[in-house]
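Please examine the sequence and the three-dimensional structure shown below. The report that follows is written for a reader in the first year of study.

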Amino acid sequence: MSTDVDAEDLQPPNLEALIQFLYQAPTGLLQIRPDGTVTMMNPRSAQLLMPLARQGNLDNLFEVLAEVAPDLRAMVAAAAEPGALVCEGLRMPVLPPTHSRRVLGLSLLRLDARTIMGCVNDVTHEVELEQQRLASRMRDASRTDSLTQMPNRAAVLERIQQALARSEDEAPPHFAVLFINFDRFNRVNLTLGQEGGDRLLRMVAERLNSTVRQRDAVGLPHESLHTTARLGGDEFVLLLDGLRDSEDVHSVAQRLIDTLSRPYLINGTEVHISASIGVVAGVHTASLANTVLQDASLAMQEAKRAGGGRHVLFTPAIKDRATRRGVMEHELRHALEQKELFVVYQPIVVSVRPPPSSLP
């Protein structure tokens, strides 16, 4: 660049234009000395920082930010080299008595031994978005099983409740819940250890997810995604949402039993397990997701009592039998505690006939 151009650039009209730009910029711009003395501040900076000025003046940035950035003076002293970054996006909450809580962001850069330039912005919205993203990640983590990375009980209960709400407008409801439990799973932990059992559960989760993706005969157009979840231990749940026909659930359940019962190879050992499944179709559901899950669990227990490796459709009679068993167990326990049970011996009398006489 020629000397003439440099001289022209330094003419007062251009300097005035620069000053006008600084003062009209939507970003807060400021210049300070190493001791915090403010040598330049545009109106946006003054607007943002004034709520923090307890004494009502903005002469010294360190004093203005003493409560929200007490280490700022030391940070400036540490960044002694020209071009050193003092801070970038330093978050500073605007404390009461402001009407709404705001957050400011401050960035400072040392130009030379006596000059530090900075900018200040209102980053309240950005902070709120970060908090929302963090809350969303925490919510996702709280709804995900750490071992299999599948949705957990809380997540599947929410999806079941949503399906129940939609079912009020459907005749009949087009969803089903399958409660899956493995027969004699404890043998795996005993023979392969906890690590082997965990690996088996992850393999089960993979098979379950891959099988459910094959929705060849169960989906309605624009259906919601099916949900597979792990409740804990060897208990899994499948929500089939968008069934064309409630009878389709039987073919899905049998396909799951066949797929999940194929051998698993773990550390060179072939493991065989079978699955028992309890099924609740939409037409049998209650109004609460917990009740639906309990009914599916009762049907699964019926499948185990029948020998395992099969599926059973929930009916009200299953709950009646479970209720009777529960009442009987309670009454027996109470009778034992109250010593109301005792043994009665019934004598057995055997009549012996004498042998027939041999006399004539």
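This report treats a strand, a nonpolar core, the cysteines and a surface patch in turn.

The model is a predicted one.

**Strand S11 and its neighbours**

Strand S11 covers residues 274–281, and 8 of its 8 residues are buried, so the strand is largely enclosed by the rest of the structure. In a regular strand, side chains alternate between the two faces of the sheet. In S11 both faces are covered: Ser274, Ser276, Gly278 and Val280 are buried on one side, and Ala275, Ile277, Val279 and Ala281 are buried on the other.

S11 has pairing partners in S6 and S12. With strand S6, residues 175–183, the pairing is antiparallel and runs over 8 bridges. Within this pairing, Ile180 has Ile277 of S11 as its bridge partner. With strand S12, residues 311–313, the pairing is parallel and runs over 3 bridges. Here Val279 stands opposite Leu313 of S12.

**The largest nonpolar core**

Which residues touch the most other members of the largest nonpolar core? They are Leu178, Ile180, Phe182, Leu200 and Phe236, in a core of 31 residues. At least two residues of this core come from each of the following elements: S6, helix H8 (186–213), strand S8 (235–241), helix H9 (248–260), strand S9 (264–266) and S11. Helix H8 supplies the largest share, namely 7 residues. Strand S11 thus appears both among the contributors to the core and as a strand with both faces covered.

**The cysteines**

How many disulfides does a search of the whole structure find? The search finds 0. In general terms, a disulfide is a covalent bond that links the sulfur atoms of two cysteines. To count as a disulfide here, two cysteine sulfur atoms must lie within 2.5 Å. The sulfur of Cys87 has its closest cysteine sulfur in Cys119, at 8.9 Å, and this is too far for a bond. For Cys119, the closest cysteine sulfur is in turn that of Cys87, at 8.9 Å. The table sets out the accessibility of each residue.

| Residue | Relative accessibility | Class |
|---|---|---|
| Cys87 | 6% | buried |
| Cys119 | 23% | partly exposed |

Cys87 is classed as buried because its value of 6% falls under the cut-off of 20%. Cys119, at 23%, is classed as partly exposed.

**A nonpolar surface patch**

Met328, Leu332, Leu336 and Leu341 make a nonpolar patch of about 420 Å² on the surface. One of these residues, Leu341, is placed in the segment after helix H11 (316–337).

Terms used. Residues are numbered from 1 along each chain as its sequence is written. This is a predicted model: local features need pLDDT of at least 70, side-chain atom pairs count only at pLDDT 80 or more; totals for chains, interfaces and linings use all residues. Side-chain values use heavy atoms; hydrogens and water are left out. Buried means under 20% relative accessible area, exposed over 50%, partly exposed in between (1.4 Å probe, protein chains only). Helices (H or I, at least four residues) and strands (E, at least two) are DSSP runs, numbered from the N terminus. Two strands pair if DSSP finds at least two bridges between them. Patches are made of residues with over 30% relative accessible area and no salt bridge: like charges are joined within 9 Å, nonpolar side chains (Val, Leu, Ile, Met, Phe, Trp, Tyr) within 5 Å. Accessible areas come from the Shrake-Rupley method with a 1.4 Å probe; for residues, only the protein chains shown count as cover. A salt bridge is a side-chain nitrogen of Lys or Arg within 4 Å of a carboxyl oxygen of Asp or Glu. A nonpolar core is a set of buried Ala, Val, Leu, Ile, Met, Phe, Trp, Tyr and Cys residues joined through side-chain atoms within 4.5 Å.
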